[in-house]
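Me: I would like to go through this structure slowly and ask what stands behind the words used for it.

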Amino acid sequence: MTATSLPPNAAPRVRVRVNRLVLYTVLVALTGLFIGPFGWLILSGLKTPAELAASPVHWLPTQVQWHNFADAFNLIDFLGYARNSLIIALIYATLVTLSSAWVGFGFARLDAPGKKTLFGILIGSMMLPQMITLLPTYLIFAKLGMVDTYWPWVFWGLAAAPYLVFLFRQFFAGLPRELEEAAIVDGCGYGTIFWRIFLPQSWPVLSASFVIAFTWSWGDYIAPQLLLSTDRSTLAVAVMSTYVTSAGTPVANLQAAASVMYVVPILLIFLIAQRGFVAGMSTTGLK
Amino acid sequence: MTVDQIPATGRTGPVESTGRTAPPQRPRISMTARRHRAFYLFTSPWIIGFLLLTVVPMAYALWLSFTTYDGISPHWSYVGLGNYTELFSDPQTWNSLGRTGLFALTSVPLSIIAGLGLAVQVNRPIKARGLFRTLLYLPAVVPPVGVGLTFKALFDQNSGAANGVITLFGFDALGWLADPYARYVLLMSVLWAAGNVMIISLAGLQDVPRELHEAARIDGASAWRTFRSITVPLLSPVLLFQTVTGVIASVQTIMPLLLSPDGTTAGVTALPQSNYLYMMHVFSQYFALGRYGYASALLWVLFVLILIVTGLIFKFTSGVVFYNVDPEAKK
């Protein structure tokens with residue numbers, strides 16, 4: 001820090017130490033603010049309904065209700081919804097990663113008239129509000145009889161995602177030219193070059209893209225809400241709407257427990273894949 | 001690099017790695033033509049997908065916006081600009097549009113300031129830097145439904161921690177999720193994800209050449225001055241990107257829905273007034289009233305507005321945004 005360039009007398013050193021103390025205090029407090037809400041969600045999931053309804057807030061559950069998590073799991077078909085979410089996310093993330101890598105290769109290594117314009121449209125379409133296309137898309141899928149199937153996710157996956165295309169383009173553009181030249185001379189098609197030479201080199205981007213796409217899909221609420229009937233729907237939709245007693249009153253403590261179980265997988269995936277994920281996020285920012 | 005499929009072009013046996021000679025016989029079409037064809041082959045999934053999943057739906061929505069289509073009834077009619085004239089005379093359109101504008105105007109700058117501030121702090125040589133970065137970024141990964149439910153638990157009138165804290169100080173418990181406070185909860189739920197801006201700015205910060213800061217310090221510039229005159233200009237492309245995507249995201253946020261007591265699209269009409277944003281108005285026409293034609297008109301108006309706003313943002317920042325780092329990065 002700044003201390004190194006200052007003459008070694010006592011006053012600045014004390015000031016530096018006080019500065020550090022302030023910095024750490026602020027950082028710890030901020031981190032508390034950012035992490036605190038999770039803690040509260042978990043605590044809410046461990047209380048009884050009576051404690052949750054009590055008027056002066058009960059900070060801690062008097063008796064920890066671990067069984068809330070099991071109850072939340074059993075009250076609805078949690079596993080079934082989780083399976084739906086997982087299937088959709090896997091279909092989408094796999095397809096969109098492959099198709100985006102394919103398209104990204106085209107933009108990075110190949111040339112043709114109109115490339116600039118197409119790339120401009122691709123980047124521009126990143127700014128296109130999804131919601132605006134989603135509602136008419138729903139009506140079209142309804143006409144095609146594809147509502148309540150997972151086909152829309154297949155199509156969305158095959159169509160590549162601009163954000164991920166950009167990610168792959170940046171990566172492929174950075175690889176040396178020699179990589180493909182020899183293969184071209186040997187008469188290999190670009191498909192083979194992509195599949196056998198470029199793809200095996202790109203594990204970091206592939207995994208980043210997969211994780212990003214998986215989280216998008218896992219977190220998506222409106223598309224499954226629109227396109228899928230209740231029992232085919234995803235965990236995101238189920239957690240939001242199905243935690244009610246037979247009398248129709250919402251069960252807040254079970255819903256809190258369920259949301260913990262819904263969010264934790266994504267947080268774990270993030271923590272495991274952190275490096276690639278963060279690298280993926282930051283490349284786009286540097287456009 | 002296994003090249004096991006050598007096409008039958010007369011070349012047999014192992015390939016010598018002598019390299020640069022033109023391949024025999026094979027290309028009936030030129031190399032360039034082959035590259036062009038390959039380019040379109042490779043980009044076609046996106047091109048076709050873009051046409052079918054974006055252009056067609058938007059054109060369809062445009063057509064619907066001139067009709068009274070409701071999805072069920074076979075009796076719908078072409079009403080020309082009827083939906084548009086109704087939309088502009090509907091006070092709900094203007095009110096929700098105003099709230100959306102206000103929401104974007106507060107949430108986007110605040111997120112960027114918060115994210116940039118955090119980035120600068122966790123870019124300093126501190127202990128447990130990685131841990132701070134991870135923990136501050138963590139909420140940005142939480143899916144919208146998770147954010148909605150977490151904030152509902154936090155701001156619940158009875159069981160929420162927010163009321164727990166303020167009653168400790170002798171204030172009365174507030175109905176956070178109702179008017180007029182709901183808008184602040186919405187804002188806080190967005191700021192919770194400031195880690196997004198942080199992580200992207202952090203990558204930008206690491207590209208700021210160290211010498212620039214050192215030179216400024218030798219010239220006697222204060223920390224604030226260095227930040228303002230060196231860090232911010234160098235980060236400006238990143239900040240512009242954040243602003244544009246932030247505005248677009250805030251315009252189509254579904255968070256008010258997830259924060260509402262009911263929390264589903266069915267309850268969209270029961271939202272607190274202050275969180276009844278433009279997209280909520282679209283949903284209420286669409287889901288609650290089944291007015292697909294009218295909702296499509298609302299969406300097209302929003303689309304045009306977004307185009308205008310992003311155009312203006314680019315126009316007004318063109319002199320300020322400073323591309324330097326790498327000429328390739330400038331698009």
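Me: How many salt bridges are found across the interface of chain A and chain B?

Reply: The rule finds zero across that interface, where a salt bridge is a side-chain nitrogen of Lys or Arg within 4 Å of a carboxyl oxygen of Asp or Glu. This is a predicted model, in which local features need pLDDT of at least 70 and side-chain atom pairs count only at pLDDT 80 or more, while totals for chains, interfaces and linings use all residues. Side-chain values use heavy atoms, without hydrogens and water.

Me: What area is buried between chain A and chain B?

Reply: About 9300 Å² is buried, with carbon and sulfur atoms giving 75% of this; buried area is the accessible area (1.4 Å probe) that two parts lose on being put together, summed over both. Phe34(A), Ile132(A) and Met240(A) supply 8% of the area that chain A buries against chain B, more than any other three residues.

Me: Why are α9(B) and α10(B) called roughly antiparallel?

Reply: The two helices pack at an angle of about 165°, and angles over 145 degrees, on a scale from 0 to 180 between N-to-C directions, count as roughly antiparallel, so α9(B) and α10(B) are given that name.

Me: Why are α5(B) and α7(B) called oblique instead?

Reply: Their angle is about 130°, with axes 11 Å apart; angles under 35, over 145 or from 65 to 115 degrees have other names and the rest count as oblique, and therefore α5(B) and α7(B) are oblique to each other.

Technical notes: Residues are numbered from 1 along each chain as its sequence is written. Chains are lettered from A and ligands numbered from 1 in the order in which they are written. Helices (H or I, at least four residues) and strands (E, at least two) are DSSP runs, numbered from the N terminus.
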